[in-house]
Amino acid sequence: MGMVLGVLGSGSGSNMQAILDAIDAGTLAARISIVLSDNPEAFILERARQRGIQTAVIDCRGFKTRFPEVAQQETAMQLKAAGADLVCLAGFLRLVKRPLLDAFPERILNIHPSLLPAFPGLESWKQALAAGASEAGCTVHVVDDGMDTGPIIVQESVPVLAGDTAESLHVRIQALEHRLYPEAIRKFS
Ligand code: GRF
């Protein structure tokens, strides 16, 4: 019962794992019907396969960072075919634009490791540390056509502690992410 989720990720998939754990624990009424990655080596695909979840590799036609239109179209078709009604970006490293945005209007969520609108883009925890911020955090938002913009669903902070390294701060933020993403999906539904 509940929502049918499609997940897009490029990396380890720890956030997808947190979503699966919340589903298993009965705290999130949803199921993940498909996991797609632009990186055939990404561990998120392995995690999905181990759970018997359908997976697919997004063929970005050799582009290193762009998400070409044809690949977005194929992704949209696969998500629809899998019955997804909500798309969760979980460490997906390409900017989602049209036509994928139009296929799921206001139905694509993203998790970002900062207190947006502060520190959009890559490795935000390093940006926060370099800026001497006293707080960092995590945001789940609806995806629009900007980079890490769009209406915020949930946001929470963690302290930056004296002696923090990029790694120690990242660990603290990731623990928060894993709690916040399932919460945001529940709240959004
Ligand atoms: C997370 O830090 C997320 O906020 C960012 O990319 C990372 C993905 O980690 N957008 P994982 O693949 O979910 O482990």
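Helix 1 (residues 14–24) packs against helix 2 (residues 43–50) in this predicted model. Their axes lie 9 Å apart and form an angle of about 25°. Because angles under 35 degrees count as roughly parallel, helix 1 and helix 2 are assigned to that category. On the side of helix 1, the contact is made by Ser14, Met16 and Gln17, and helix 2 contributes Ile44, Arg47 and Ala48. Classified by residue type, this contact has three nonpolar, two polar and one charged residues.

Helix 2 also holds Glu46. With a relative accessibility of 29%, Glu46 counts as partly exposed. The C-alpha atom of Glu46 is separated by 19 Å from that of His178, and these two residues are 132 residues apart along the chain.

Helix 6 spans residues 166–188. Its geometry is summarised below.

| Feature of helix 6 | Value |
|---|---|
| Number of residues | 23 residues |
| Span, first C-alpha to last | 31 Å |
| Span expected at 1.5 Å a residue | 33 Å |
| Kink at Leu180 | about 25° |

The span of helix 6 is close to the expected value. The kink at Leu180 lies shortly before the proline Pro182. Both Leu180 and Pro182 belong to the buried residues of helix 6. The other buried residues of this helix are Ala166, Leu169, Ile173, Leu176, Glu177, Tyr181, Ala184 and Ile185. Glu177 of helix 6 is thus listed as buried, whereas Glu46 of helix 2 is partly exposed.

Definitions and conventions: Residues numbered from 1 in each chain as written. Predicted model: local features only at pLDDT ≥ 70, side-chain atom pairs only at ≥ 80, totals over all residues. Heavy atoms only, no water. Axes fitted to C-alpha atoms, helices over the stretch in contact; angles between N-to-C directions. Helix = DSSP H or I, 4+ residues; strand = E, 2+ residues; numbered from the N terminus. Parallel < 35°, antiparallel > 145°, perpendicular 65-115°, else oblique. Contact = heavy atoms within 4.5 Å. Nonpolar A, V, L, I, M, F, W, Y, C, P; charged D, E, K, R; others polar. Expected span 1.5 Å × (residues − 1). Bend = angle between axes of the 7 residues up to and from the residue. Buried < 20%, exposed > 50% of the residue type's maximum accessible area, 1.4 Å probe, protein only.
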